[in-house]
Amino acid sequence: MWVSEVFYSIQGEGAHMGRPAAFVRFFGCDLDCDFCDEPLHKTQKHRMSPKAVVEQLLGWPVRFVILTGGEPSLEDRNLFIGLLHSHGFEVAVETNGYEPDNIGTADWITYSPKDWDHIKTEPFYDELKLVCDIHSNKAQVLQIAALSKKPVFLQPKAQTDLLVSLANAEFCRQLILEQPKLRLSLGLQRFLRFK
Ligand code: SF4
């Protein structure tokens with residue numbers, strides 16, 4: 001497997017926000033978003049066997065692992081997820097929705113679509129995450145929330161200028177107050193600047 005990094009931290013997003021977790025960041029993505037804040041997935045890659053990754057994960061006290069990227073579903077990860085399960089890991093995946101079948105055996109899937117005009121409607125995910133800034137289409141967010149059968153988290157885009165980030169957070173706050181089906185995902189690692 002091509003892996004950018006394996007590390008231990010705290011989940012900063014979505015329903016598991018605040019929970020300690022190990023992370024496996026896969027190399028590569030099918031998209032090239034101009035706002036991408038995970039540049040390592042483009043520049044750093046190590047060839048690692050699934051067994052070597054599991055051995056590294058077992059060195060930490062947590063048995064909750066998040067597969068992220070880049071885009072984890074570029075390749076079939078189900079054998080790897082099975083290996084993680086066999087070692088007692090609960091497995092979550094963060095995906096842009098590229099190929100849901102490739103991660104179908106995960107315990108928790110966060111769907112973070114980048115093209116809001118083509119959101120997948122089949123229920124392969126457990127939570128939907130929309131990264132918003134003050135220019136996001138408010139009506140579209142409300143429509144997506146109204147249609148979704150799963151929780152929809154709004155995550156303010158964290159930018160270099162803290163005041164801009166706080167304005168994005170206020171945009172999300174106002175929408176959540178308007179549509180109580182929405183939830184706030186702060187992206188703690190961006191706002192608090194931890195890994
Ligand atoms: S889908 Fe995610 S990882 Fe891929 S380029 Fe876009 S923001 Fe970056």
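A residue is called buried when its relative accessible area is under 20%, exposed when over 50%, and partly exposed in between. Keep that in mind as you work through this predicted model.

**Exercise 1.** Find which residues of helix α2 are buried, and work out how they are arranged around the helix.

*Solution.*
Step 1: Go to helix α2, which covers residues 50-57. Its buried residues are Val53, Val54 and Leu57.
Step 2: Look down the axis of α2. The buried residues fall within an arc of 100 degrees, so they line one face of the helix.
Step 3: Now see what these buried residues pack against: the strands β1 (2-10), β2 (20-26) and β4 (64-68), along with helix α3 (78-86).

**Exercise 2.** Decide whether Leu162 is buried, exposed or partly exposed, and say what surface feature it helps to make.

*Solution.*
Step 1: Locate Leu162 in helix α5, which spans residues 162-178.
Step 2: Compare its value with the cut-offs. Leu162 has 45% relative accessibility, so it counts as partly exposed.
Step 3: Look at its partners. Leu162, Leu163 and Leu166 make a nonpolar surface patch of about 310 Å².

**Exercise 3.** Judge how compact the whole chain is.

*Solution.*
Step 1: Take stock of the elements: the chain has six helices and nine strands.
Step 2: Compare the radius of gyration, 16 Å, with the globule rule. For 195 residues the rule gives 16 Å and the two are close, so the chain is as compact as a globular protein of that length.
Step 3: Add the burial figure: 48% of the 195 residues count as buried.

Note on methods:
Residues are numbered from 1 along each chain as its sequence is written. This is a predicted model: local features need pLDDT of at least 70, side-chain atom pairs count only at pLDDT 80 or more; totals for chains, interfaces and linings use all residues. Side-chain values use heavy atoms; hydrogens and water are left out. Patches are made of residues with over 30% relative accessible area and no salt bridge: like charges are joined within 9 Å, nonpolar side chains (Val, Leu, Ile, Met, Phe, Trp, Tyr) within 5 Å. Accessible areas come from the Shrake-Rupley method with a 1.4 Å probe; for residues, only the protein chains shown count as cover. A salt bridge is a side-chain nitrogen of Lys or Arg within 4 Å of a carboxyl oxygen of Asp or Glu. Helices (H or I, at least four residues) and strands (E, at least two) are DSSP runs, numbered from the N terminus. Buried means under 20% relative accessible area, exposed over 50%, partly exposed in between (1.4 Å probe, protein chains only). The arc is that of the directions from the helix axis to the C-beta atoms. Contact means heavy atoms within 4.5 Å. The radius of gyration is taken over C-alpha atoms; the globule rule is 2.2 Å times the number of residues to the power 0.38.
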